[in-house]
Amino acid sequence: MTFLNQKFQELVPYTPGEQVDEESFIKLNTNESPYPPAPSVQAAVAEASQTLNRYSDIAVEAVAKPLAEYLGVEQNQLFLGNGSDEVLSYLFQGFTEKGIAFPDVTYGFYQVYSGLYHVDATVVPLKEDFSLELTDYDALSGTVIFANPNAPTGIYLSQTEICAFIEKHPERLVIVDEAYIDFSGESMVSLINRYKNLLVVGTFSKSRQLAGARLGFGVGNAALIADMNRLRFSLNPYNINSLTQAAGGAVLQEQAYVNEKIQETIQVREWTKQELTALGFEQTDSQGNFLFARHPKMAGEALFQALRERKILVRWFNQPRTKEYLRITVGTQEQMEQLAAALRSILEEVKA
Ligand SMILES: *Cc1c(COP(=O)(O)O)cnc(C)c1O
């Protein structure tokens, strides 16, 4: 006996990474920033809490104005969401009439939202080395979405290749999820005036220390953004709460702090890459704030468990193509040294 509508009975929800007690675990499983927000961000939230009796600003001016300026776009080319997950949910709900296509190894929510909104989804396998070949999408129709850099592989696709696809298919919407672009190459945002069929999605969760605040954005042609807002105003016009608006506005005044942490993460990532290679791991050349690695001597699940016993939490995906891999968020240098030491001892036990 269930009261749930029939059409949701097969729905498979997203499995979030575990949230654990930070005192007892080194948390490298959800690609958050290991650094706290700048003190001014914390102060802005405290200040905003004084007016929580009022509804939040539906125009989200405190974020939209500085963010548009930072991105070099007009405010009417910018959509703000309760995390980029919400931005994605509107896109899957409202912009997929002719279906949607995405890679087999990518962000899990694409499949989940396809199920939730009953979108006709085509899953296109990545190449053997996990690289994305956009010409594989040429013969399909409808919307295309991919993450760049991709998750959990961290592989980055060049702007040239993306532009070639967008130009070839002006009648198809191309969504580029740039959750990790700050750790990587060129953003597509600078091209939204050139392409009406391009929508770029971004987030404050990975490079701006605000995963818990839930703030994401979409950037594209003004008409596309107006359509997205039509959906937003039909569901939840107050989707960004006042505390998050204050945090988002303040973090955009702290670009120097944010940039410093991004640079630190990139350095620690490259250090950890070398360390993992020295330990015998095989890995992709991740351009995100995480690594994607497997060890020829030990199964992914066993490694995951052994790390968990040593109070280090990483992400393991029980999927056919990725189950021998771990996705490891880049933490602080100190955390990554502890990770390397733990891996060394685990692998020595296997040898013995
Ligand atoms: C983390 C992540 C998101 C979601 O980020 P939020 O803004 O926290 O909702 C979206 N896409 C990709 C590829 C991600 O890794």
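**Exercise 1.** Determine how many helices and strands the protein has.

*Solution.* In this predicted model, the secondary structure consists of ten helices and twelve strands.

**Exercise 2.** Establish whether the radius of gyration agrees or disagrees with that of a compact globule.

*Solution.* Step 1: for a compact globule of 352 residues, a radius of gyration near 20 Å would be expected. Step 2: the protein has 21 Å, which agrees with that expectation. Step 3: the extents may be added to the picture, since the C-alpha trace spans about 65 × 55 × 55 Å along the principal axes.

**Exercise 3.** Describe the burial, contacts and surface of the protein.

*Solution.* Step 1: of the 352 residues, 53% count as buried. Step 2: contacts between residues at least 6 apart in sequence are considered, and 71% of these join residues at least 24 apart. Step 3: the accessible surface comes to about 16500 Å², and carbon and sulfur atoms account for 50% of that area.

**Exercise 4.** State how many positive and negative side chains there are, and how far apart the centres of the two sets lie.

*Solution.* There are 29 positive and 43 negative side chains. The centres of the two sets lie 2 Å apart.

**Exercise 5.** Locate K206 and decide whether K206 is buried or exposed.

*Solution.* Step 1: an unreviewed UniProt entry lists K206 as the modified residue N6-(pyridoxal phosphate)lysine. Step 2: K206 belongs to the loop between β7 (198–203) and β8 (216–220). Step 3: the relative accessible area of K206 is 16%, so K206 is buried, the cut-off being under 20%. Step 4: with neighbours within four places in sequence left aside, K206 is in contact with T30, N31, S33, A179, Y180, F183 and N289.

Definitions and conventions. Residues are numbered from 1 along each chain as its sequence is written. This is a predicted model: local features need pLDDT of at least 70, side-chain atom pairs count only at pLDDT 80 or more; totals for chains, interfaces and linings use all residues. Side-chain values use heavy atoms; hydrogens and water are left out. Helices (H or I, at least four residues) and strands (E, at least two) are DSSP runs, numbered from the N terminus. The radius of gyration is taken over C-alpha atoms; the globule rule is 2.2 Å times the number of residues to the power 0.38. Buried means under 20% relative accessible area, exposed over 50%, partly exposed in between (1.4 Å probe, protein chains only). Contact means heavy atoms within 4.5 Å. Accessible areas come from the Shrake-Rupley method with a 1.4 Å probe; for residues, only the protein chains shown count as cover. Lys and Arg count as positive and Asp and Glu as negative; His and the chain ends are not counted. The place of a charge is taken as NZ of Lys, CZ of Arg, CG of Asp or CD of Glu. UniProt positions are given in the numbering used here, feature names are shortened, and annotations may be inferred rather than shown by experiment.
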